[in-house]
Amino acid sequence: MSVTTCKLLSLNVRGISNFKKTRTIFTWCRKQKADFFFLQETHSKIDPIKCWKKRMGGEIIIAHGSSNSRGMAILVKKEVDCTIHSKILDHLGEFVIIKTEIYDKIYVLINNYAHNKDASIVRFFNNLLATLQKN
């Protein structure tokens with residue numbers, strides 16, 4: 001029996017709209033021996049996505065936040081043999097969910113950034129649960 005592994009890395013980038021910082025982070029990601037990268041707090045807008053995909057060389061699934069908060073992304077290295085069957089992008093930029101097939105098995109990958117206040121975290125997880133139950 002052959003065992004195949006898949007490596008995931010998570011990183012709070014605290015904003016990647018700055019060209020130099022984006023280049024540094026994507027260069028670092030390309031050098032890692034990981035298949036998927038979960039980026040939190042991208043503070044991103046829609047504009048730079050084509051440029052980011054070109055720099056990263058793989059797939060980028062992103063839920064934008066605002067230019068100074070939130071934003072989640074899942075980056076898939078170009079060499080990874082996977083098929084993304086569905087994507088759920090939170091309109092507030094608090095989570096990204098993908099259903100993907102990796103090595104003939106289906107996985108649900110979730111990148112989220114939960115709040116740190118009790119009332120907000122309860123709302124967040126109730127919303128996430130409702131989203132998962134619908135899909």
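**Two open sheets and their packed helices**

Strand 5 and strand 6 (residues 95-102) run antiparallel and are joined by seven bridges. One point of this pairing is Thr 83, whose bridge partner in strand 6 is Glu 101. The model described here is predicted.

The two strands belong to an open sheet of three strands, arranged in the order 5-6-7 with antiparallel pairing. At its edges lie strand 5 (82-89) and strand 7, each of which pairs on one side only. From one strand to the next, the twist averages 20 degrees. Helix 3 (residues 118-134) packs on this sheet, where it touches strand 5, strand 6 and strand 7. The direction of helix 3 makes about 35 degrees with that of strand 6.

On the other side of the pairing order, strand 6 is joined to strand 7 by eight bridges, and these two strands also run antiparallel. Within this pair, Ile 97 stands opposite Ile 110 in strand 7. Strand 6 and strand 7 form a hairpin with two residues between the strands. Tyr 103 lies in the loop that links them and has a positive phi of about 50 degrees, although it is not a glycine. Most residues other than glycine have a negative phi. Tyr 103 counts as partly exposed because its relative accessible area is 40%, a value between the limits of 20% and 50%.

Strand 7 (residues 105-112) also contains Val 108. Together with Ile 110 and Leu 132, Val 108 makes a nonpolar surface patch of about 210 Å². The relative accessible area of Val 108 is 49%, and the residue is therefore classed as partly exposed; the class of exposed residues begins over 50%.

A further open sheet is formed by four strands in the order 1-2-4-3, and its pairing is mixed. Strand 1 (8-12) and strand 3 (59-63) are the edge strands, each pairing on one side only. The twist in this sheet averages 15 degrees from one strand to the next. Strand 1 and strand 2 (residues 36-40) run parallel and are joined by five bridges. In this pair, Leu 9 stands opposite Phe 37 in strand 2. Helix 1 (residues 19-31) packs on the four-stranded sheet and touches strand 1, strand 2, strand 3 and strand 4 (72-76). Between the direction of helix 1 and that of strand 1 the angle is about 165 degrees.

Helix 1 includes Thr 27. This residue counts as partly exposed because its relative accessibility is 24%, whereas a buried residue would have under 20%. In sequence, Thr 27 and Ala 73 are 46 residues apart; in space, the separation is 16 Å from C-alpha to C-alpha.

The loop between strand 1 and helix 1 contains Arg 14. Phi of Arg 14 is near 50 degrees, a positive value in a residue other than glycine. With a relative accessibility of 61%, Arg 14 is therefore counted as exposed, the cut-off for this class being over 50%. Positive phi values are thus found in two loops: at Arg 14, between strand 1 and helix 1, and at Tyr 103, between strand 6 and strand 7.

Definitions and conventions
Residues numbered from 1 in each chain as written. Predicted model: local features only at pLDDT ≥ 70, side-chain atom pairs only at ≥ 80, totals over all residues. Heavy atoms only, no water. Patch = residues over 30% accessible without salt bridge, like charges linked within 9 Å, V, L, I, M, F, W, Y side chains within 5 Å. Areas by Shrake-Rupley, 256 points an atom, 1.4 Å probe, with all protein chains shown as cover. Salt bridge = Lys/Arg side-chain N within 4 Å of Asp/Glu carboxyl O. Buried < 20%, exposed > 50% of the residue type's maximum accessible area, 1.4 Å probe, protein only. Pairing = 2+ DSSP bridges. Axes fitted to C-alpha atoms, helices over the stretch in contact; angles between N-to-C directions. Contact = heavy atoms within 4.5 Å.
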